[in-house]
Amino acid sequence: MSTPRPQEHHPIAPRRVAFDWRETPLHWIPDEPTATHVINVLHLLLPAGERWFVKVFKEALPLIRDEHLLKDVKGFMGQEATHSVQHAHVLDHLAHQSLDTTPYTRHVDFLFEHLLGERPPFGVPIPEQEWLRFRLALIAAIEQFTAVLGSWVLGADGLDHAGPDPVMLDLLRWHGAEEVEHRAVAFDMYQHTGGEEPARYARRVLAMAVTAPVLLYLWCWGATYLLRHDPRLSAPSRYSLRAHNRAVRKGLLPSWRQLGAAIPRYVRRSYHPSQEGSLRAAVAYLASSPAARAAAGAIGRAALP
């Protein structure tokens with residue numbers, strides 16, 4: 001099956017970045033524990049989640065019959081593997097600051113490693129090919145939200161005005177830029193390997209119907225966990241919509257409208273993720289990111305005779 005591709009095409013390649021967390025405070029957005037920890041949920045979900053992306057794509061590689069898509073998928077896998085490693089380093093940094101995330105992340109690990117592993121959970125009789133297609137559809141749905149979040153963080157002036165830790169902001173914007181850069185790869189992979197219509201479209205809608213509420217639940221649970229166990233707060237705190245919405249008004253978090261509107265866009269039959277965000281803005285940030293520039297410089301020095 002051929003894969004419809006937009007005229008705009010950009011090569012996907014991993015950047016071997018590194019970040020120094022020694023000077024990053026626990027509340028990396030000053031005086032904003034709720035905004036800090038709502039964003040910190042990314043670090044709880046992404047190490048296991050993006051390792052899972054790579055595993056599922058490895059299973060599906062033999063199904064690809066499009067040379068350009070295969071190249072993009074391998075680049076996507078390299079980027080996602082790097083994201084997983086860098087966010088895992090943030091978890092180590094949180095642990096060093098007496099915020100142990102293991103009681104939460106072990107549930108995330110169970111979700112991706114067992115409930116969404118190579119075989120359907122609990123012996124559910126789903127054919128192997130259908131189970132793979134469903135998991136590819138889930139990845140495409142998740143990538144819809146990561147593209148929206150990536151686009152948001154690249155233009156989040158409110159974060160700049162809040163005086164955040166520059167290393168954390170660079171991590172988020174580097175990652176966000178790469179999410180925009182590869183925003184269509186998971187979708188194209190699913191369209192290419194998802195079988196014939198109308199089953200392919202129905203599975204895409206089902207995957208979004210599962211993904212959206214599960215992500216919302218995990219995010220609220222994660223923010224609640226981080227605030228409750230934050231050692232810098234004088235008393236255990238609770239996640240509240242009032243504090244969350246106050247952070248949204250300050251431009252520190254994306255609005256519910258921005259996130260919610262991503263769902264009806266995605267389920268349109270004519271939709272393609274190349275419509276999300278600005279590739280130009282993403283590439284421009286990657287050219288200026290301190291971590292990405294350092295990684296490029298290291299590669300260049302290694303190539304010298």
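## Legends to the close-up views

**Figure 1. Charged side chains of the predicted model.** The protein carries 33 positive and 31 negative side chains, whose two centres lie 3 Å apart; Lys and Arg count as positive and Asp and Glu as negative, without His and the chain ends, and each charge is placed at NZ of Lys, CZ of Arg, CG of Asp or CD of Glu. This is a predicted model in which local features need pLDDT of at least 70 and side-chain atom pairs count only at pLDDT 80 or more, while totals for chains, interfaces and linings use all residues. Residues are numbered from 1 along each chain as its sequence is written, and side-chain values use heavy atoms, with hydrogens and water left out.

**Figure 2. Surroundings of Thr-36 in helix 1.** Helix 1 spans residues 33-60 (helices are DSSP runs of H or I, at least four residues, numbered from the N terminus) and includes Thr-36. Thr-36 counts as buried because its relative accessibility is 0% (buried means under 20% relative accessible area, with a 1.4 Å probe and protein chains only). A polar atom of the Thr-36 side chain lies 2.9 Å from the backbone oxygen of Glu-32. Leaving aside residues up to four places away in sequence, Thr-36 touches Leu-26, His-27, Trp-28 and Ile-29, where contact means heavy atoms within 4.5 Å.

**Figure 3. Surroundings of Thr-34, also found in helix 1.** With a relative accessibility of 12%, Thr-34 counts as buried. Thr-34 and Ser-240 are separated by 206 residues in sequence, and their C-alpha atoms are 8.4 Å apart in space. Not counting residues up to four places away in sequence, Thr-34 touches Leu-227, Ala-243 and His-244.

Definitions and conventions
Helices (H or I, at least four residues) and strands (E, at least two) are DSSP runs, numbered from the N terminus. Buried means under 20% relative accessible area, exposed over 50%, partly exposed in between (1.4 Å probe, protein chains only). A polar contact is a pair of N or O atoms within 3.5 Å; within protein, one must be able to donate a hydrogen and the other to accept it, and residues adjacent in sequence count only if both atoms are side-chain atoms.
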